[in-house]
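Trainee: Could we take a close look at just one part of this structure together? I would like to learn how to read the way its pieces fit.

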Amino acid sequence: MSAVFDVERVRKDFPVLSRELSGGRPLVYLDSGNSSQKPTQVIETMRDHFAMHYSNVGRAHHALGTESTDAYEAARDKVAAFVGAPSRDEIIFTKNASEALNLVAYSFGNRTNDDPRFTLGPGDEIVISEMEHHSNIVPWQMLVQRTGATLKWFGVTDEGRLDLADGVITERTKIVSVAHQSNVLGTVNPVAEVARRAHEVGALVLLDASQSVPHHPVDLAALGADLVAFTGHKMLGPSGIGVLWGRTELLEAMPPFLGGGEMIEAVWMDRSTYAPVPHKFEAGTPPIVEAIGLGAAVDYLNGVGMQAIEEHERALTAYALEALGEVPTLRIIGPKGLDGRGGTLSFTMEGIHPHDVGQILDDQFGVAVRVGHHCARPLHLRFGIPATTRASFYLYNTTGEIDALVKGLHHVQKVFA
Ligand SMILES: Cc1ncc(COP(=O)(O)O)c(C=O)c1O
């Protein structure tokens, strides 16, 4: 693909984008923050693997087993290079971001050694934020219920920024787990500052990068986090595959999550020893073709260029912020300027329920947005609203599609006026 970003060229790679919905409405897909569409290259790679190369990995000692294992492990190489992981063995394949986050939370309560970093009890503290996705809230609630530790959180300012108040991270903090980019506000959080504060007291930092890795060039080494979770289906890959990255030394010390085949070194009737990382965290048959599909997605994103994708989305976001500003009573929840935000815009319209907004946009304009609390109910409670409408952009979106959204919103406004 050329170094010059050509959105029309990109769109041709996504078969669904040329679809018409019933009544001849062209599809306007503004819901990539929920799940992204897939290019032909990913679909074909997966089809070809299922059709011609499929078998189990690791434990199948025949030609197809070798081909499958090689392709699965090559996907690990690709993902490692994509996010700048110092070692391929630091990439653990999970089912999704939720499983990656649960893996870490569970490991804390699944003590198998005396490493004080993973020993949690009454008096210890876990820090999250009010803007987290439920996947980065509920696992920690479950962990404090199991261990007696305390859950604390950073608040959110009226502008939709993390309120990094003093006193949230203390000498008792064991782990700080926050989103890199909010799935509702679009806010990109100051990870380096959070990591600096956490590391000062010896706490670990887990980053939920589900909404950042698909949209920005990410260099794990530069971020300063100790563990990072993200998910394949939001970055042009299939569903059923997620990633946890962690520093080798940390992963080696971290107790395993699930027990089962291939995560062991040796098993006796009364005890087991564990395989080296990453396999220690990949019990059972992994999502083989899904990982290979994610590898193809990474190839595709690299081909377009993450810098170009970031710039394209930034231009779309600038365009949308201005255009949405002209819709009567529309209120953006989150940063209203371009600084420190990505291409996710959530908003309310006075007196109109987001479900009505979404339905009219879908039924009459073919515009797919997400409505509801977007698995971030505490954040909506913080703003005193039950729900928002969310438009989220990706590399294949155009300003023409934003025009369609805005036209639809003006219509919604008229209907309810
Ligand atoms: C910020 C954030 N974290 C976690 C998740 C969970 O991802 P998955 O459903 O792939 O586990 C999402 C998905 O919407 C998200 O936006």
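Trainee: Which residues in H3 meet which residues in H9?

Mentor: Happy to walk you through it! Please keep in mind that this is a predicted model.

On the H3 side, the residues are Ser68, Ala71, Tyr72, Ala75, Lys78, Val79 and Phe82. They meet Ile288, Ala291, Ile292, Leu294, Gly295, Val298, Asp299, Leu301 and Asn302 in H9. Sorted by character, the residues of this contact are 11 nonpolar, three polar and two charged.

Now for how the two helices are arranged. Two packed helices are described by the angle between their axes and the distance between the axes. Helix H3 covers residues 63-82 and helix H9 covers residues 288-304. Their packing angle is about 40 degrees, and their axes are 8 Å apart. Angles under 35 degrees would count as roughly parallel, while roughly perpendicular begins at 65; H3 and H9 are therefore oblique to each other. The crossing of H3 and H9 is left-handed.

With that contact in mind, let's follow the chain onward from H9 to a sheet. Four strands make up this open sheet, in the order E14-E15-E18-E17, with antiparallel pairing. Strand E14 (330-332) and strand E17 (370-372) are the edge strands, each pairing on one side only. On average, and ignoring direction, neighbouring strands of this sheet are turned by 30 degrees against each other.

Inside the sheet, strand E15 (residues 344-349) pairs with strand E18 (residues 388-392) in the antiparallel sense, over four bridges. If you want a spot to find on your screen, go to Phe347: its bridge partner in E18 is Thr389.

Helices pack here too. Helix H10 (residues 306-324) packs on the sheet, where it touches E14 and E15, and its direction makes about 10 degrees with that of E15. Helix H13 (residues 399-416) lies across E14, E15 and E18, and runs at about 15 degrees to E15.

For a simpler strand pair, try strand E12 (residues 264-267) and strand E13 (residues 272-274), which run antiparallel and are joined by three bridges. A hairpin of four residues links E12 to E13, and Val267 stands opposite Ser272 in E13.

Finally, a word from the records: an unreviewed UniProt entry carries the annotation "domain: Aminotransferase class V" for residues 28-405. That span is 36% helix and 18% strand, and its end C-alpha atoms lie 8 Å apart.

Terms used
Residues numbered from 1 in each chain as written. Predicted model: local features only at pLDDT ≥ 70, side-chain atom pairs only at ≥ 80, totals over all residues. Heavy atoms only, no water. Axes fitted to C-alpha atoms, helices over the stretch in contact; angles between N-to-C directions. Helix = DSSP H or I, 4+ residues; strand = E, 2+ residues; numbered from the N terminus. Parallel < 35°, antiparallel > 145°, perpendicular 65-115°, else oblique. Left-handed = near helix turned anticlockwise from the far one by under 90°. Contact = heavy atoms within 4.5 Å. Nonpolar A, V, L, I, M, F, W, Y, C, P; charged D, E, K, R; others polar. Pairing = 2+ DSSP bridges. UniProt positions renumbered as here; feature names shortened; annotations may be inferred.
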